[in-house]
Amino acid sequence: KRLLSEGDFTLGKKVIDLEILFSKLTGTKYAFGVGSGTDAIFLSLKALDLKPGDEVITSSFTFYATIGAIVTAGLKPVFCDIGEDLNIDPNLIEKKITKKTKVILPVHWAGKVCYMDSIMKTADKYNLNVIEDSCHAIGANYKKKSAGSFGISGCFSFHPLKNINVWGDGGIICTNDKKFANKISLLRNHGLINRNECKIFGYNSRLDTLQAIVAYNLIKKNLKYITNRRIFNSQYLDKKLSKLDQINIPQRKAKNSKTVYHLYQIRVKEQKKLTNYLKKKGVDAKIHYPIPIHKQRAYLNKFKRTYKDLNITDIISKEIISLPVHEFVTKKDLDYMVNMIKNFYKNK
């Protein structure tokens, strides 16, 4: 109501309040609210002044937006296989590096932070920038360091399906690099220094003040509760479902890490049949995602490259399903899901 009376809709004071709060949350010096998580990745790449065709090493096991941001920035995605934890395998990255490689872009899939110490070591060895797709990972950490604080940029999403969600699209970029921060500040707002001076040509990707108000209040009041409920619900399902022979629980734990479970995923037998069965029983089961990016028409038509070394990615896409573990799921709901999965396999 106050926002409506003040009319402070674009880059208002509450956006600045959120940016300060988010910097403290992630332990970074700077944060900039932008239009979406996709924009956060896109603008981070553009801020590096890369050449068309420069290569970005990343995972094919991700939402299309990660790769879309790379491609629309004029760059070429190069895919590295994932490990049993569903994140990019740090031991395979070095083999993918060429003279054109400029960025490693790890995806903290489902809210589990990648093995960033190993990734940063490789990046430093080859003088590469690291941009973290942290869109699933608000509140997650690795060795007591926040997701999004390892590389030159951490990219987060406030999409309505994320753990911290707003009333539409929204995102935020974190960084510790002052020069990079100054570039992001320009790029998100047409390249304007002030109302009348344009330093560079930029983009219109400003987080609306309304969305900043929603995100600020959710983080301030509910982040701890939301995160703890997701962790509890996920660990409860792990304990119950690990007893079933048809279920394979992905590698969850890493030493000194905190996973926030934007998605709760398990590997199953008869993926599509089980998913359809659960839906008929009222369980919001989904497959994230049945066709990995390197097999999507958009990628194949543009780059005309096939991959034969993404073995785990290809296997996972045929086995993975997601179950709801958000903060509104009750213990009764969890037991119901477990029983429905048991019934499915029992009747086979």
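1. In this predicted model, His-190 is found in the loop that runs between α6 and β10. Its phi is near 65 degrees, which is a positive value in a residue other than glycine. With a relative accessibility of 34%, His-190 counts as partly exposed, because the partly exposed class covers what lies between under 20% and over 50%.

2. A second residue with an unusual backbone angle to look at is Ala-110, which is not a glycine and yet has a positive phi of about 65 degrees. Ala-110 sits in the loop between β4 (101–105) and α5 (116–126), and at 9% relative accessibility it counts as buried, since buried means under 20%.

3. Ala-110 also belongs to the lining of the largest cavity, whose volume is about 120 Å³. Among the other residues that line this cavity are Asp-85, Trp-109, Lys-112, Arg-252 and Tyr-261. When the whole structure is searched, two cavities of 30 Å³ or more are found.

4. Helix α6, which comprises residues 178–187, lies across β1, β8 (153–157) and β9 (171–175), and it runs at about 20 degrees to β1. At the N-terminal end of α6, Asp-177 acts as a cap, with a side-chain oxygen placed 3.1 Å from the backbone nitrogen of Lys-179.

5. Which residues of α6 are buried? They are Phe-180, Ala-181, Lys-183, Ile-184, Leu-186 and Leu-187, and these buried residues pack against β1, β8, β9 and β10 (192–194), as well as against α3 (37–46).

6. The strands β1, β8 and β9 are part of an open sheet of seven strands, in which the order is β1-β9-β8-β5-β4-β2-β3 and the pairing is mixed. The edges are occupied by β1 (30–34) and β3 (76–80), each of which has a single partner strand, so that one side of each remains without a neighbour in the sheet. From one strand to the next, the twist averages 25 degrees.

7. At the β3 edge of the sheet, β2 (residues 55–59) pairs with β3 in the parallel sense, and five bridges connect the two strands. One of the bridge partners can be named: Glu-55 is matched with Lys-76 in β3. As background, the strands of a sheet pair through backbone hydrogen bonds, in either a parallel or an antiparallel manner.

8. A last backbone feature is the cis peptide bond that joins His-288 and Tyr-289, for which omega is about 0 degrees. Tyr-289 lies in the loop between α8 (271–280) and α9 (297–303).

Note on methods
Residues are numbered from 1 along each chain as its sequence is written. This is a predicted model: local features need pLDDT of at least 70, side-chain atom pairs count only at pLDDT 80 or more; totals for chains, interfaces and linings use all residues. Side-chain values use heavy atoms; hydrogens and water are left out. Two strands pair if DSSP finds at least two bridges between them. Helices (H or I, at least four residues) and strands (E, at least two) are DSSP runs, numbered from the N terminus. Axes are lines fitted to C-alpha atoms, for helices over the stretch in contact, and angles run from 0 to 180 degrees between N-to-C directions. Contact means heavy atoms within 4.5 Å. Buried means under 20% relative accessible area, exposed over 50%, partly exposed in between (1.4 Å probe, protein chains only). A polar contact is a pair of N or O atoms within 3.5 Å; within protein, one must be able to donate a hydrogen and the other to accept it, and residues adjacent in sequence count only if both atoms are side-chain atoms. On a 1 Å grid over the protein atoms alone, a cavity is a set of points where a 1.4 Å probe fits but cannot get out, and a pocket is an open set with protein on both sides within 12 Å along at least five of seven lines; lining residues have an atom within 4 Å of a point. Grid points are joined across faces, edges and corners, and a volume is the space filled by probe spheres set on the points.
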